[in-house]
Amino acid sequence: MRDQALAIADKKKLDLRINEGLNPDYPAGTTGDWSDHAPFKEVGIPYAYFESTNWEIGDLDGYEQTEEYGGIWHTENDTLEFIQEAYPGRLEERLYTYSTVLIELLKFTGKTSTAKK
């Protein structure tokens, strides 16, 4: 599913990337098992997991999301208002990218090719 999502994003020229595995505790293409996807993974249910973080700064573990403000998750800056002000257009771009890829994944899951558009 990950490879198909990346192929869709590439074909549609969307900014979608994976953790490149710079931290050996988080191999390429993986994330930790602490979020909403973890219960599905535990019982073997396939899942698609998108997150907007930065795997290339700090401890290379995704917790340091920004160079300017450090970690944002679960802080006073973890609000739509702050993100819109600090990163104008970012929310819309991420939501567009994720929803576009998810729609295509749902249309083409189990098939060998991606959308023609």
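**Figure 1. Aromatic pairs across the model, with Tyr63 and Trp73 up close.** Search the whole of this predicted model and five aromatic pairs turn up. One of them is Tyr63 with Trp73, an edge-to-face pair with 6.2 Å from centre to centre and 80° between the planes. Edge-to-face is the label here because the planes are over 60 degrees apart. Both Tyr63 and Trp73 sit in the loop between α2 (38-42) and α3 (80-86), so the pair ties together parts that are ten residues apart in sequence. How exposed are the two partners? Tyr63 counts as partly exposed, at 41% relative accessibility. Trp73 also counts as partly exposed, at 31%.

**Figure 2. Tyr69 and Tyr87, a pair between two loops.** This one is edge-to-face as well, with 6.3 Å centre to centre and 85° between the planes. Tyr69 comes from the loop between α2 and α3, and Tyr87 from the loop between α3 and α4 (90-108), so the pair links distant parts of the chain, 18 residues apart. Which of these rings is buried and which is partly exposed? Tyr69 counts as partly exposed, at 40% relative accessibility, while Tyr87 is buried, with a relative accessible area of 12%. That 12% earns the label because buried means under 20%. Add Phe82 to the view and you have one aromatic cluster, made of Tyr69, Phe82 and Tyr87.

**Figure 3. The surroundings of Tyr87.** Zoom in on Tyr87, in the loop between α3 and α4. Setting aside neighbours within four places in sequence, what does Tyr87 touch? Its contacts are Thr66, Glu68, Tyr69 and Ile72. As a marker for scale, take Gly32: Tyr87 and Gly32 are 55 residues apart in sequence, and their C-alpha atoms are 25 Å apart in space.

**Figure 4. The largest nonpolar core.** Nonpolar side chains tend to be buried together in soluble globular proteins. Here the largest such core has eight residues: Ala5, Ile8, Ala9, Leu14, Leu16, Tyr98, Val101 and Leu105. Two helices, α1 (2-11) and α4, each supply at least two residues of this core. Leu14 is a handy spot to look around from: leaving out neighbours within four places in sequence, Leu14 is in contact with Ala9, Tyr96, Thr97, Thr100 and Val101. Of those contacts, Ala9 and Val101 are also listed as members of the core.

**Figure 5. How α1 packs against α4.** At what angle do these two helices meet? The angle is about 120°, and the axes are 10 Å apart. The helices α1 and α4 are therefore oblique to each other, since 65 to 115 degrees would count as roughly perpendicular and over 145 as roughly antiparallel. Their crossing is right-handed. On the α1 side, Gln4, Ala5, Ile8 and Ala9 make the contact; on the α4 side, Val101, Glu104, Leu105 and Phe108 do.

**Figure 6. Stepping back to the whole chain.** The chain has four helices and zero strands, running α-α-α-α from the N terminus on. Along its principal axes, the C-alpha trace spans about 40 × 30 × 25 Å. How much of the chain is buried? Buried residues make up 30% of the 117 residues. As for contacts with a separation of 6 or more, 47% of them are between residues 24 or more positions apart.

Notes. Residues are numbered from 1 along each chain as its sequence is written. This is a predicted model: local features need pLDDT of at least 70, side-chain atom pairs count only at pLDDT 80 or more; totals for chains, interfaces and linings use all residues. Side-chain values use heavy atoms; hydrogens and water are left out. Rings of Phe, Tyr and Trp (its six-membered ring) pair if their centres lie within 6.5 Å; planes under 30 degrees apart count as stacked, over 60 as edge-to-face and the rest as tilted. Buried means under 20% relative accessible area, exposed over 50%, partly exposed in between (1.4 Å probe, protein chains only). A nonpolar core is a set of buried Ala, Val, Leu, Ile, Met, Phe, Trp, Tyr and Cys residues joined through side-chain atoms within 4.5 Å. Contact means heavy atoms within 4.5 Å. Axes are lines fitted to C-alpha atoms, for helices over the stretch in contact, and angles run from 0 to 180 degrees between N-to-C directions. Angles under 35 degrees count as roughly parallel, over 145 as roughly antiparallel, 65 to 115 as roughly perpendicular and the rest as oblique. A crossing is left-handed if the near helix is turned anticlockwise from the far one by less than a right angle, and right-handed if clockwise.
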